[in-house]
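Open the structure in your viewer and keep the selection panel at hand. The stops below say what to select next and what is there.

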Amino acid sequence: MEQRALWDEPAQGSSEEAPSSGSTGERTSRVRPGRELSLQQQAATVAPAVSASPPVLASIAVARPVRGEFTYSVPESLVSQLAPGQRVLVPFGRGTALGFYLGPAARPPGENVRLKPIQRVLEDSPSLPKDLIALLRFAAEHYRYPLGEVIRGSLPPGLSKPVDEKEAKPDVQQFAVALVNEVPPSLARAHAQSAALAYLLAVGGSAPLEEVSHAIPGARAHLKSLASKGLVRIEEKKLEAGVKEGLIQGRPDRLTPEQDAAGVTLREALDTGAFQPFLLHGVTGSGKTEVYLRAAEHALSLGKGSLILVPEIALTPQLVGRFRSRFGSEVAVLHSALKDRERLFHWQALRKGEVKIAVGVRSAVFAPVENLGLIVVDEEHDPSFKQDDSLRYQARDLAVVRGKQAGAVVVLGSATPALETLENVKKGRYRLLELKRRVDDRPMPTIEMVDLRQERPRDGMMTDEAPILSPPLLAAMEETLGRGQQVILFLNRRGHSTVLLCEVCGVSLKCTSCDVCMTHHRSQNRVVCHYCGLAMPVPDRCLECTGPMLKLGIGTERVEAEVLERIPTARVARLDRDSATSAEKLTEMLAAFARRELDVLVGTQMVAKGHDFPGVTLVCVVMADTSLAIPDFRAAERTFHLLTQVAGRAGRGKDPGRVLVQTYNPDAEPVKRVLAHDFDGFAQQELEWRKALAYPPFARMASIRLEGEHPEQTASVARHLGNIISRNMPPASVGVRLLGPAVAPIAKIRGKTRWQLLLKGPTHVALAPLLARVEAALVDVPSAVKVVIDVDPGAML
Ligand code: ADP
Ligand code: ZN
């Protein structure tokens, strides 16, 4: 996850591996951007006027799971058509494959290789702009993933198959425009219509029909009904570049002095047209979004594009809304629910420079924004920027790499920056912009602690837990609700009870195929495994000894029930993955809370995200300890971030906020520091600890994870890979260390045994050769054992 030396370390690694079998082309060494000859130039150099001219050679990434780039010859008829970044059709194996032309091949392949020609060029203008090719190359090498697959994965569906490019163009798009400012009471019974309207209002009052119906299935019909009621207007809009729609809303006339200072610095940086990374460290409610918006405005005035990355769009429609209301159709919103055709459409509009601003989730780091001037990563500390399958990239890190390649200004924004980012500031790699005060000088919320050890019944048994809602917490809730204000209760665990334990033999109920406890979901009247989804009836007796079962460990469901029992008049809803099963439900719940139709929102980390609910003046952390015990070197950091973020939801309106944190570990560092609003102190202490133990940001890591059908076989492959690494370890002075092989913290998931090996080293370069050895050894690993290499891993489980 650490971007410490990402952009100034030469990307290295895969070029020495043995070629994969089944390849037809010949692997070439990398062609570095900047040293390329144009194809015509090269043709001119290598092809003398007379006879036997050597063929013109092209370096191609093939969209197949094979390493490296391949050399193909270019038929004369295609020489003048080729441009780097184009999709081409090439012969591969016994058939053909999609390929990407990267530039002329540096050197001809060996003697006895039969060169094959590129068959066809699939598009006139290249799909991939130059800075993106460089980024994709970097990603393939750094995260050790086949380049052709990396490129294919970055393209919208219409371009990821070996077919000619088609225009996705609906050049007219239907928009729904809200004609009211809130959902009227008349829609109280029409849930679907009210959800559609709520979505529209949340994203700034207007959105393409297409987008709303992706977020809310069936919304097209609901919007039409709303139109017949005069609540919504459906209009057709031509999507054109540079057309401002005059719906600029809510642009504050005056910036706070800190916003202004940050804005001036960013404008100056944008004017230089050179790469410059910044950390925008702004407390919650300090108005970071406005700083992003002004920077994007300035980029636009320079004719440059902007790329805005956010952790999750469904959870923070406000940010999208603000971009859309400021820039109108100049914004492409790239969310995960887009239909293929729409994704392609946005992609092409960006590629052609017709749309200059892209707002999207992590995969948008590959969006082909033309003439990129600004990249923003909002909530840059958020773990969701790391992708956990196929290409395991960290979008925040890649954003910095891309900024370097494109000569763009990069702004990483957060109230709780990642320690990696902070260390980059300390080292002088990133410049620091600070917003220490909230907008309008609103006070930061007061944070108080409730020591649950004191709240426990005195002479109880060991199983007696403190009450879920302690007396001080209940009192605070009642007081807040009495004033007509709202409350958020945060607990990062779903379900009712998280452990079922036999009172007699002490055995807890575990999933039959995973090494985890089953969670009791009372609403479903079942126990559920949160890792594989297995669900079964709640056993009333221990399966081992038939003893009575105790229900321990609280989840959000139990908190919700407790609130209903203790404060029956409160209107309560629960926001977690069990209740927000669709974007529709999620939007409806958030909108209802924003409209103050709910008093209390109980939820997991979904309530901690960047919501801006002015009615919330009390935030309660039901148990701060849940994330402390996780066996991950980032557990303390993650706890600190979550607590700070959720606390930041309090007091964002005109009334001051209050935060109560219940904990069994009042002396734990993250808890103490959150209470003191002491981000710097926490960071300082945590960085010292990381340094002492050589963890990121003071080291680079790679994890090698194994999952196998057979426990013995999996263990033996893990040991085999461990031996390979040990045998090839550089001298101790280099400082590379191997942890493991060891059984993973969760030893079994879905019936598969899990092992892991962790590599730590001073630089990525120090680890790369060992990873290459492991990769080479994978050819002989039995197929029943799946091995994954994760460079800069996000989570350790
Ligand atoms: P952050 O992302 O830093 O937590 P936001 O960007 O959500 O904060 O801003 C908090 C609130 O303050 C929002 O409602 C926003 O519209 C408002 N706001 C931001 N800047 C200004 C300003 N200069 N004047 C008035 N209100 C502002
Ligand atoms: Zn399971």
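Select K760 and Y695. In this predicted model, the charged end of K760 sits over the ring of Y695, at 4.0 Å from the ring's centre. Keep Y695 and add F633 and W689: ring pairs link these three residues into a cluster.

**Aromatic pairs**

How many aromatic pairs does a search of the whole structure find? The search gives eight. For one to look at, select F640 and F679. Their ring centres lie 5.7 Å apart and their planes stand at 50°, so this pair is tilted; the tilted class covers planes that are neither under 30 degrees apart nor over 60. Show the helices next: F640 belongs to helix α18, residues 635–647, and F679 belongs to helix α20, residues 679–692. The two residues are 39 apart in the chain, and the pair links distant parts of it. Are F640 and F679 buried or exposed? Both are buried.

**The four-stranded sheet**

Now select residues 700–708, which form strand β28, and residues 785–791, which form β31. These two strands run antiparallel and are joined by seven bridges. To see one partnership, pick I704; its bridge partner in β31 is I789.

Extend the selection to the rest of the sheet by adding 737–749 for β29 and 752–761 for β30. The sheet is open, its four strands are ordered β29-β30-β28-β31, and the pairing is antiparallel. Which strands are at the edges? They are β29 and β31, each of which pairs on one side only. On average, neighbouring strands in this sheet are turned by 20° against each other, with direction ignored.

**Two helices on the sheet**

Add residues 711–727, helix α21. Helix α21 packs on the sheet and touches β28, β29, β30 and β31. The direction of α21 makes about 15° with that of β30.

Then add residues 764–777, helix α22, which also packs on the sheet. Helix α22 touches β28, β30 and β31, and its direction makes about 20° with that of β28.

**The whole chain**

Zoom out and colour by secondary structure. The protein chain holds 22 helices and 31 strands. Of its 797 residues, 58% are buried. Switch to a surface view: the chain exposes about 32,400 Å², and carbon and sulfur atoms supply 51% of that area. Among contacts between residues at least 6 apart in sequence, 76% join residues at least 24 apart.

Definitions and conventions. Residues are numbered from 1 along each chain as its sequence is written. Chains are lettered from A and ligands numbered from 1 in the order in which they are written. This is a predicted model: local features need pLDDT of at least 70, side-chain atom pairs count only at pLDDT 80 or more; totals for chains, interfaces and linings use all residues. Side-chain values use heavy atoms; hydrogens and water are left out. Buried means under 20% relative accessible area, exposed over 50%, partly exposed in between (1.4 Å probe, protein chains only). Contact means heavy atoms within 4.5 Å. Accessible areas come from the Shrake-Rupley method with a 1.4 Å probe; for residues, only the protein chains shown count as cover. Two strands pair if DSSP finds at least two bridges between them. Axes are lines fitted to C-alpha atoms, for helices over the stretch in contact, and angles run from 0 to 180 degrees between N-to-C directions. Rings of Phe, Tyr and Trp (its six-membered ring) pair if their centres lie within 6.5 Å; planes under 30 degrees apart count as stacked, over 60 as edge-to-face and the rest as tilted. A charge sits over a ring if NZ of Lys or CZ of Arg is within 6 Å of the ring centre and within 35 degrees of the ring normal.
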